[in-house]
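Subject: Structure handover and findings

Dear colleague,

Please find below the structure that I am handing over to you. My notes on what was found in it follow directly after.

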Amino acid sequence: MATNTPTITTLSCSSATFSASATSGASYTAKASVPYIGGNGIAYAEGTGVTSTGVTGLTATLSAGTLSSGSGTASFAITGTPATAGTASFSIILGGQSCVLDLPVAVSKASVSSLTCTAAPVNGTNGIAYSGNATVTYTGGNGGMYDVSTATSTGVEGLTATLAAGTLANGSGTLVYTISGTPTSSGTATFNLSLGGQSCTVTVTVAASGTATAATDTVVIVYAGTTASVSNAFQDAGVSVAVSGADITVTSTNTTKEIVYALSGTATKGSFKIYSPYKFNITMKGLSLTNSTGPAINSQSSKKATIHVVSGTTNTLVDGATYTTSTEDQKGTFFSEGQLSFMGAGTLNVTGANKHGIVSDDYIYVSETTINVKSAAKDGIHANDYFAMDNGTVTITASGDGIEAEEGYIAINGGTLTVASVGDGIKTSYEGTDATITPYISIKGGILNVSTTGDKGNGIKSEGYTTIATNNPITLAVSGRGSKGIKTSGDFTLTAGTIKITVSGAAYYVTADADIAAPAGINCDKNLAINGGNLTITNTGTGGKGITVDGTATISGGTTTITASGANYTYSSTLTSEAKGFKSDGAFIMNNGELNIAATDDGLKSGTSITVNDGTINVTKSYEGMESIFITINGGISNLTASNDGVNTSYGTVSGGTESNDNSALTVSGGILIATGSDAIDSNGNFTIKGGTVIANGNEDIDVNGNFLITGGVLLGAEPSNNMTKAMGTASTQVGMFIKSSTQVAPTSVIHIEDASGKDLVTFKPKTASAYFHFSNPALAKGAAYKLYIGGSYSGGSFVGNTTGWGIYTGGTYSNSGATLKATSTTSTTSTVNTISF
């Protein structure tokens, strides 16, 4: 069953209450209770600290909890020292709603000129309730009153220093803070004490505990080799702890308190299993647990387990390759029937020799922990419902998938995620029919590095949609046969991010599928939209594609660069896979952005239509640069280089095309189209120029089986000799010239046309030696005289469309010095088609 995201309808900061008042310059620890309406009963994790504005020096952090079904109250822990008096404001978020929480900070009536922490408190012991005092002296007291002041410990957590409200002496005096709580680890607990505008620091040394000793709020378990000791503060409150060597089994019937189980020490043959009808916490502080016959940690509770990996500690969980048979689920080293929420800045190392590393039959959430799945026989992290990550560092090495969510989604919002897997790197795998389950993948933040090595392995695979909108880099490297950087069964949307995809596996024939599995950078079964970001795909695999889309592909921003350099793959005469750059079965639409392609086979191909409204398309290498049934150029720059056709429109019903009109169509209404190839432009149907600029240079510059019409725009086409080229159709409404030269114009020379007054109409430098030219320009008129030069020079300016070394010059000056005037021709007074030979 999929778990929904926690949501509310209203968050009421204006009705919030605070457990203590705040005073400027005094250390502060309190709880803010913020009412909400419309809760959906879903659990939520601890939040990320929100720093105060206005009055600075404070941080508010959402405490983990579960929403009520309806109205309720959420708790935010506020700590720090207010820098000034006024209002400390926090922009808080819960359940999709936000508001500004305002904490009044009173003017301190107390001030001192110095504050000195003197006598050190007594030492404490890890896991044992602590009570002690810290003495502070001051000078320059002003006799003012001060409120209660508290400070929580850093380093070793779990302790609080409290100063009761009182009145300063005039001059020098002494203050006593009481320190209480239970240390969560060994080391040094540090308190930053502030009062009257001055501060000092006091520390408590906390020793490690060799055995478990009674604690008032925690079940303490300390492992030692093949044994373990337990201090159970809840033995009379429904918690039973059974010990067999170093195997611990907790059976709880307590349904009123979120009990903490503090695990530490080392066991070479040990485990922790828990049965609980209520949510609970596990604190790991220097835990090393190996169970060769089953999971190291096994939660048979369907309730949420919050896993606190204590800062500064390293913890290790290892299972065995073979488990003892059980009627209960035990699917990995750290197994839970319920939710797992990881917090704390410590490190957790997991080795999964039997199956998965970390697995939940509900969801898994990571807020800040460093998790290293050193190896896993199957998946590194496996969740039934969803996996979400807001921060922290997760590193996975797995023989199966890196992260899999069976019946839900994967959301990466922050942190660093590194995966090296044989199977899929990040995967949502649901293939059922429940409409309430959407197995999507969403990446809104975080640094991702994913590599896969298995056949048909995918860096990111989603059975639903996939969205990427992040300011951080994503690197995907897949090397198995038929593998894909991103495989999505739904839509794919890229809004922001720097995405680098490297594919090196080859295409191969899969007997079970009776088909070829072809490698690809992105394979999208529905619609693809690139709205921004920087996407680079390099596919060196045989028969490999850059991007393949079954539906509509739309590019509206960003920069996309594709290289598909592998050889074409042939299994049989009817089963082949070509190394194409961008292939869309549906329509392809370019609205903005930049698309760069170099491919062994086709550069850009659509089975339906290609429409370019704006942006830039550069195909620097291809067999056919741009191919579809209908191609419409309305704007932008399309610069296409091919060994066969630069542009080809065809229904593709006859191999190699057909000499009759198949009613496919190339239409240019605006923008710039530049094409080179054996046939620069090849339309098996009709070719119409209504506006824009068309520049074509090939063995045949323009090969049209249907109607070739010009009603506007600029055309300059060039080829070496008259092959299949023909003049534009007589139904054209704009005057054009079909120019035939008895000698070729070399690539080092130019052809120049000007009117009788000497006004330049065009200066063209061919890419290859050319003798036949198509030229049309709105400035051409009927019954007017024009001069045609071969040679001369052009200074300044550049080439239209930013071509390199050839094309139509613009922005400079032509000189006919050294040129040959080949013809002075007057256009027809009745026809728009003019054939000029010299």
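In this predicted model, Ala246 stands opposite Gly270, a residue of strand S29. The two strands concerned, S27 and S29 (residues 270-275), run parallel to each other and are joined over six bridges.

On its other pairing, S27 meets strand S26 (residues 239-244) in the antiparallel sense, again over six bridges. Within that pair, Val250 of S27 has Val241 opposite. S26 and S27 form a hairpin with one residue between the strands, and Gly245 adopts a positive phi near 65 degrees there.

The two faces of S27, which spans residues 246-252, are distinct: Ala246, Ile248, Val250 and Ser252 make up the covered face, while Asp247, Thr249 and Thr251 lie on the uncovered one. In a regular strand, side chains point alternately to the two faces of the sheet. Ala246 and Val250, mentioned above for their partners in the neighbouring strands, thus both belong to the covered face.

A further point concerns strand S25 (residues 227-232), which contains Ser231. Is Ser231 buried or exposed? Its relative accessibility is 8%, and because the limit for a buried residue is under 20%, Ser231 counts as buried. Its C-alpha atom is separated by 10.0 Å from that of Tyr261, although the two residues are 30 apart along the chain.

Elsewhere there is an open sheet of five strands, with antiparallel pairing and the order S13-S15-S21-S19-S17. Its edges are formed by S13 (114-117) and S17 (149-152), each of which pairs on one side only. On average, neighbouring strands in this sheet are turned by 25 degrees against each other, direction ignored. At one end of the sheet, S13 is joined to S15 (residues 130-142) in the antiparallel sense over four bridges, and Ser114 has Thr139 of S15 opposite.

Finally, I turn to the nonpolar cores. The largest comprises 111 residues, and Phe272 and Phe582 have the most contacts inside it. Beyond its neighbours within four places in sequence, Phe582 is in contact with Leu528, Ile547, Val549, Ala553, Ile555, Ile562, Phe588, Leu595, Ile597, Gly603, Leu604 and Lys605. Another core, of 29 residues, lies apart from this one; among its members are Leu716, Ile739, Phe764 and Ile808.

With kind regards

Technical notes. Residues are numbered from 1 along each chain as its sequence is written. This is a predicted model: local features need pLDDT of at least 70, side-chain atom pairs count only at pLDDT 80 or more; totals for chains, interfaces and linings use all residues. Side-chain values use heavy atoms; hydrogens and water are left out. Buried means under 20% relative accessible area, exposed over 50%, partly exposed in between (1.4 Å probe, protein chains only). Two strands pair if DSSP finds at least two bridges between them. Axes are lines fitted to C-alpha atoms, for helices over the stretch in contact, and angles run from 0 to 180 degrees between N-to-C directions. A nonpolar core is a set of buried Ala, Val, Leu, Ile, Met, Phe, Trp, Tyr and Cys residues joined through side-chain atoms within 4.5 Å. Contact means heavy atoms within 4.5 Å.
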